[in-house]
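Q: I would like to learn how to read cavities, chain symmetry and an interface from a model. Where should we start?

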Number of protein chains: 2
Amino acid sequence: MNKSAFSKRVAALRERLKKLPCDTVWIIQPENRRYLSGFKAEDAQLTELSGSLLINKTQAVLVTDSRYSLEAEKEAIDFEVHTIKQDLIEGFPEKLKRIGTEKLGFEEDHLTWGLHRQLTEALGALSPPVSLKPLKGLVEEMREIKDNLEVKALEASADLMSEILDTVIRGLKPGLTEREVAWQIEALAREAGAESLAFPSIVASGPNSALPHAVPTDRTLKTKEPIILDVGVRLDTYRSDMTRTVFLGEPEPDLKNIYMTVRQAQLAALKEVRPGVDSCHPDAIARQIINDAGFGEYFGHGLGHGVGLATHERPRLAPQKPVKLKKGMVVTVEPGIYVPGKGGVRLEEMVVIEADGPRILTKNNHFYDFKS
Amino acid sequence: MNKSAFSKRVAALRERLKKLPCDTVWIIQPENRRYLSGFKAEDAQLTELSGSLLINKTQAVLVTDSRYSLEAEKEAIDFEVHTIKQDLIEGFPEKLKRIGTEKLGFEEDHLTWGLHRQLTEALGALSPPVSLKPLKGLVEEMREIKDNLEVKALEASADLMSEILDTVIRGLKPGLTEREVAWQIEALAREAGAESLAFPSIVASGPNSALPHAVPTDRTLKTKEPIILDVGVRLDTYRSDMTRTVFLGEPEPDLKNIYMTVRQAQLAALKEVRPGVDSCHPDAIARQIINDAGFGEYFGHGLGHGVGLATHERPRLAPQKPVKLKKGMVVTVEPGIYVPGKGGVRLEEMVVIEADGPRILTKNNHFYDFKS
């Protein structure tokens, strides 16, 4: 990340600010903070912010407490760092007065009701009073389109995850437990420099593979059963997300059929992930193929979702609330079929949408081409 | 955890409910959910709950979506599990009507302003309408006093952390980086069965030890310098928290003096952590010793905090907002001195308050007894 990337983002926010019912935007959501400023600190808990951004027409300030001020100075190079007491209610109102705020826009999906109440009191008591204005999805919407630096960061994250998954899949054998495999993935990720996993790995074998959000258990891997590995890392705060379903030994025909149905649905949907298409369209294509094969009731989730600083972000590739897909979006394409008692198959790629279609970021395929 | 522990907690909540301005309590905070029900799932993000509890005079319901319903059935054995759509606004109001809610108490420090707004609309449209009532610290206050099962769980967590830290300290040598040591701690914790660290480990050497919340860097350990290790694990969802400051080779006299001042402050404060004492008193005792030694300005944080399902919970051992210490509280005692440029020393024990005083849960001391 260089200085200009953050400056551009702040400039884009200021463009949006012109149309908002506030003169200052207050950013407390950790990924939004990171996106606009470069400040990477996380919050110990919801009621314990490591910092927040105040951005108005001319000023860009990062407000933090002494625990984080050194890190803030180093990371948020375009921001003025102001250190206040840890308790927001103490130093914060004064800070707002100093930068001339009268109407403060806040992130309604991140500020708690209780802190809003406390701030309403504290800010109302100022003279002149400062009022609070709710904002919804302001920075999240900006984050939909990735700039070149972000695409590179996501590519690096997907590369690392692909390599690790390749190593892990090659080492799978009957007798290993799901939990052991999950820990291998995490240890390799951390040793390779990832800050953390992007989310707790799913390693689900046999009947567990029929649970879309299975938690790894002490169940041992067995031959011929599906093993779903849904994994991602966080590398320089950017996330990856990919899924493979593998078999140790050739599966029964009905599982082969499920597998190839999912794979066909994925390949067909991938072709439709291009600029100008409605986000519900690739989902509909995949769903149609799965329906036609008689598995419609076993594909209970959406086709995919945006990935970036968060594992789940905009846009969603799902039947509801379609948006137009655009160049620079990074999304997953992950159809699945889950038959209770029998098992499940999910296949997930992470792609960046380019002018002429999707470029797949996840590698080391480990896909099967079963002949029926 | 057995059934009766959770039943008792729900019964205690119902006692409190009698005095609250609501007929149903809605619990969304993950540690509070775990405390009352046993349900261990975490939330993928703030706007993506894995479940919530509804408790009234006669009913105890865990509302979740299909991703978590199996886990909920298994873990929350005293609760009726109701599965609704993932989007809270869709199925939730109907659920409230069914259990007869008219006034719903919500956790004001966890519910976002935006979700509160949406719910206010959706619940106001019901007939009769359901109104929302803010609750602050209701379950957090109950969690202050640990029952026997919780003390055992915290003891197991502190035991595991003590063992791991012992191994790691014995293996320290010049040339290892802070980051390598931090990763050793995490890998040992996970391999021993911890779900995760309780918080990102602090491994801070030389000048970094003067930053109370240092993040591990690529700096290599050197002889004679302080190395602060502030670490904890999460074992069966219960946390530990302990700090040692170690030296590779004998330090200079001024660092020995700082060390012994912190240690004396800690030992003196520990004696005062007993039932009936104000929570500010042990802090004052430690602070006096550090002041008298001329380091008052370098002890910038409070003496300690409660530990349990969260790393930082009630009560705080600090100068502000004193409460009476009680039997069954589990707290840290962690004075420190941080001299910019020179280095810092922090020593932290985790103790349970028993009838006749503190019992220290953290082990393998690695304390020095420098003679002046």
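A: Start with the term itself: a cavity is a set of grid points where a 1.4 Å probe fits but cannot get out. This is a predicted model, and the structure holds two cavities of 30 Å³ or more.

Q: How much space lies in the largest cavity, and which residues line it?

A: The largest cavity contains about 50 Å³ of space. Its lining consists of A:I28, A:L46, A:L49, A:H110, A:L111, A:T112 and A:L115. By class, five residues of that lining are nonpolar, two are polar and none is charged.

Q: What is the volume of the second largest cavity, and which residues line it?

A: The volume of the second largest cavity is about 30 Å³. Around the second largest cavity are B:I28, B:L46, B:L49, B:H110, B:L111, B:T112 and B:L115. Here the lining divides into five nonpolar residues, two polar and no charged.

Q: How do I read the relation between two copies of a chain?

A: Two copies are related by a rotation about an axis and a shift along that axis. In this model, a turn of 180 degrees with a shift of 0.0 Å along the axis lays chain A on chain B, at an RMSD of 0.0 Å. That is the relation of a two-fold axis.

Q: Why can one say that the copies meet through the same surface?

A: The test is whether interface residues of one chain are also interface residues in the other. For chain A, 100% of the interface residues are also interface residues in chain B, so the copies meet through the same surface. The contact involves 29 residues of chain A and 29 residues of chain B.

Q: What area is buried between chain A and chain B, and how many salt bridges does the rule find across the interface?

A: About 2500 Å² is buried between chain A and chain B, with carbon and sulfur atoms giving 56% of that area. The rule finds four salt bridges across this interface. A salt bridge joins the side chains of A:E186 and B:R190, at 2.7 Å from N to O. For polar contacts, the rule finds 12 residue pairs across the interface of chain A and chain B, with both residues at pLDDT 80 or more.

Terms used. Residues numbered from 1 in each chain as written. Chains lettered and ligands numbered in written order. Predicted model: local features only at pLDDT ≥ 70, side-chain atom pairs only at ≥ 80, totals over all residues. Heavy atoms only, no water. 1 Å grid on protein atoms, 1.4 Å probe; cavity = no way out; pocket = protein on both sides within 12 Å on 5 of 7 lines; lining within 4 Å. Points joined across faces, edges and corners; volume = space filled by probe spheres on them. Nonpolar A, V, L, I, M, F, W, Y, C, P; charged D, E, K, R; others polar. Least-squares fit on C-alpha atoms with pLDDT ≥ 70 in both. Contact = heavy atoms within 4.5 Å. Buried area = accessible area lost by both parts, 1.4 Å probe. Polar contact = N/O pair within 3.5 Å; in protein donor to acceptor, adjacent residues only side chain to side chain.
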